Amino acid sequence: MSHAWRKKRTALAKGLLAAALAAGSLLLPAGAGYADSARTIRVALFADIGSKYKLTVPAVTLLSGQAWSLTAQDGGTVLVTIPSGTKVRASLDGYRVKVLETSSWQTVADAAKKLQSTSDKPLLFLNSKGGSNVYQLYTGIYASESAAKNAVDRVAKAGLNLPADQVPVVKGGKHLTAGSYATQQEADTARASIAAAGVDAWTAVVPSEGGGSRYEVWVAEAANDSDLAAARLVLGQVMPQLILTTASAGLMIRSDVGLDLNSETQAVHYAVSGDAKFKASAGSSGIQLAERSKRTYRGSLELGGSNGSLSVVNELSLEQYLYSVVGGEVSSSWPAEALKAQAVAARSYALAQGLRFDIANVVDTTLSQVYNGTGAEAASITSAVDSTAGEVLKSGGNIVEAVFSSNSGGMTADPSEVWNNGGNVFSSVDSSGDSSAVATAKKWYYVQLSNGLDGYVREDNVKLTGDKTAAGLNMLTATTKDVNVRALPVVDSSVSPVGKLNPGENAVVLDSVLESGSYSWIKGPYSSGELLKSLQGKTSGTLPSSIVSLQVTERGPSGRAVLVQANGNALTVKYPDLYRSALGGLPSTLFDIVPSGSYTVLGADGQTATVSGSQQTGVLSASGMVTQSGSGTVVMDVDSKARVVDANPGFLFIGWGNGHGLGMSQWGVKGMADKGYDYKEILQHYFQNVTIVKE
């Protein structure tokens, strides 16, 4: 480790993770466009947008505390009105596999349970056919016919004990219309008469030309035009009285029985068929989306298709969107000026996106900004958004893509340290307010136990005894029974403690640090194998067979790593911020690397040598020179910081900050607000050459 670098960063090592992760990914060029002037925004909740974004689900479950409606996107014709408190399911009428048809709900439920943990997600429906009810099990929805055909093979091998006369078969969203009716009751009656002949039939609601709606009876569920033509021929022979035409876009109405696989419950299921899109709209109660953690959303939910998958896009007022975004990004208890600064930055970021995600301006994750629906709203945040309504950051006449991250570790990043772009708006600036993240953080002691093991204990569970070792290191003991000695300075119940400390048992204090969090952190130690696995596919060039040495050899203006070498050879990444993911998912690139299984010795001749924990080493003691194993040896640096050398080679990462560090630091904003700065002063500190204007 570079002691000079560590000493320089000592004042920063005081962090506690308490805010959302970094927002944003790649910067758009200035003037790339922004959301429309009507100040609405489109947020993709589920969609397949290729390499830009992919989060899909077979079906969604919608619920509202008041009556709501499904409308045609064009013209806003109300097609369906849903009573308050009624669950409704929706999916894309796309490629699927029909797996099983039976008169027993338990049979399809048992088969569905076997499929739940696979990639072929089950969909269960109830239909009337041949004068009786039948339960139908499907899997899907699949992005293409070929993907559905591949699924047929998987499902056939899933051990479902299918009847001998039934095999999985590909179905799709091409239908024939067997009649058009003014009311659903009339359509249902006609459908029942067709189904009585043993033919699958469904009622559908479709928009009428010139406004309004009508109901149709659909038959066939073909995957392609050839299959549709074959279905037309067969149906013409079975029921020659039917006048069949090709169905257009609409909502196919089905009865869903897959909400609970332990008990049969029914819900109306609307399958979006054709290229049309439909909107679910409610009033002040909003609409709950069960598959998105039961979050409730203002505005409307647009249901459609993207790349063969169901897309759900929330369209709402930009200002109402910000009520949730600001609450998702920072705490509602923060000072008002900090909330205002976040509101202006979030508004600017959103408006700078244009139609980045093809069917949406933004997504609801940290790839854009955290957006959790109405559950993240609070009165203090609403006030901050309303008091800055319409205000944005501009530079050179363009709205600034005001990126931000959780904590910059005391100094924001320069563009050269992150994505190598950003214009004159971003530069490395002091962010000492980041230390506000550790205002209440606990101190942890790094200790060595009497059995030679080392780890961390929290200050409120131990006390210093007043005794010292011959090297001047403090001793401590536990104040309560079975104090956990942890591998890292953070409570993590998923990781077993390295040992226990009890009253009366002493441990040597090697160092003291603050709890790992957003301001300072310790990760690892990572073995050579773990690092090589993480590096795979993220660097150019050939990786070594084993990592013996790992060093930061070049830093940017803020001190962030811009070049890391393994065994003396560069680990080249596309842009510096990729070191975060390449090196095991580090919180930031502001870090030091410490070899856990070796140490460096400065000899009397001025030469340095590296000693590994597996080697024998000579130690000059009061009784003369003795030789002992390097493993378990305590070494101390010039700053009187001590550590234990591990027998197993590996690398510790000691760092500061959380996120890319470019632009505004959220904890730094809080720190400045705590000191009395107003939101405009804060924003103009973090963003250079900008003005704050009301658009």
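**Figure 1. Helix 11 and helix 12 meet in a right-handed crossing.** Welcome to the first close-up of this predicted model. Here we look at helix 11, which spans residues 666–674, and helix 12, which spans residues 679–686. Their axes come within 10 Å and cross at roughly 135°. An angle like this falls outside the ranges for roughly parallel, roughly antiparallel and roughly perpendicular, and the two helices are therefore called oblique to each other. Which residues make the contact? On the helix 11 side, look for G668, V669, M672 and A673. On the helix 12 side, the partners are I682, H685 and Y686. Sorted by class, the residues of this contact are five nonpolar and two polar, with no charged ones.

**Figure 2. Helix 12 also crosses helix 7, again at an oblique angle.** Stay with helix 12 and turn to another neighbour, helix 7, made of residues 336–351. The two axes come within 8 Å and cross at roughly 55°. Helix 7 and helix 12 are therefore oblique to each other, and the crossing is right-handed. Helix 7 brings E337, K340, A341, V344 and A345 to the contact. Helix 12 answers with Y679, I682 and L683. You may recognise I682, since this residue takes part in the contact with helix 11 too. How many nonpolar, polar and charged residues make up the contact of helix 7 with helix 12? There are six nonpolar and two charged residues, and no polar ones.

**Figure 3. Helix 7 has a right-handed crossing with helix 8.** This view keeps helix 7 and adds helix 8, residues 379–387. Their axes come within 8 Å, with a crossing angle of roughly 60°. That makes helix 7 oblique to helix 8. From helix 7, the residues to find are L339, K340, A343 and R347. They meet S380, I381, A384, V385 and S387 of helix 8. K340 is worth a second look, because it is also listed in the contact of helix 7 with helix 12. The contact of helix 7 with helix 8 divides into five nonpolar, two polar and two charged residues.

**Figure 4. One cavity of 30 Å³ or more turns up in a search of the whole structure.** The largest cavity has a volume of about 50 Å³. To trace its lining, find S91, L92, D93, G94 and R96, then L123, F125 and I141, and finally M252, R254, H269 and A271. Which elements give two or more residues to this lining? They are strand 6 (88–92), strand 8 (122–129), strand 15 (250–256) and strand 16 (267–273). By class, the lining has six nonpolar, three polar and three charged residues.

**Figure 5. The second largest pocket has a volume of about 580 Å³.** Its lining counts 26 residues, and the closest to its centre are V57, P58, K121, G140 and I141. I141 is a link to the previous view, as this residue also lines the largest cavity. Several elements each supply at least two residues of the pocket lining: strand 8, strand 9 (132–142), helix 3 (145–156) and strand 21 (309–317). In terms of class, the pocket lining has 13 nonpolar, six polar and seven charged residues.

**Figure 6. A cis peptide bond joins G140 and I141.** Zoom in on the backbone between these two residues, where omega is about 5°. I141 belongs to strand 9. Both residues of this bond appear among those closest to the centre of the second largest pocket.

**Figure 7. The peptide bond from G524 to P525 is cis.** Where does P525 lie? The residue is part of strand 33, which covers residues 520–526. At this bond, omega is near 0°.

**Figure 8. N161 has a positive phi although it is not a glycine.** The phi angle of N161 is about 55°. To find N161 in the model, follow the chain into the loop between helix 3 and strand 10 (169–171). Helix 3 may be familiar by now, as one of the elements that supply residues to the lining of the second largest pocket.

Terms used. Residues numbered from 1 in each chain as written. Predicted model: local features only at pLDDT ≥ 70, side-chain atom pairs only at ≥ 80, totals over all residues. Heavy atoms only, no water. 1 Å grid on protein atoms, 1.4 Å probe; cavity = no way out; pocket = protein on both sides within 12 Å on 5 of 7 lines; lining within 4 Å. Points joined across faces, edges and corners; volume = space filled by probe spheres on them. Helix = DSSP H or I, 4+ residues; strand = E, 2+ residues; numbered from the N terminus. Nonpolar A, V, L, I, M, F, W, Y, C, P; charged D, E, K, R; others polar. Axes fitted to C-alpha atoms, helices over the stretch in contact; angles between N-to-C directions. Parallel < 35°, antiparallel > 145°, perpendicular 65-115°, else oblique. Left-handed = near helix turned anticlockwise from the far one by under 90°. Contact = heavy atoms within 4.5 Å.
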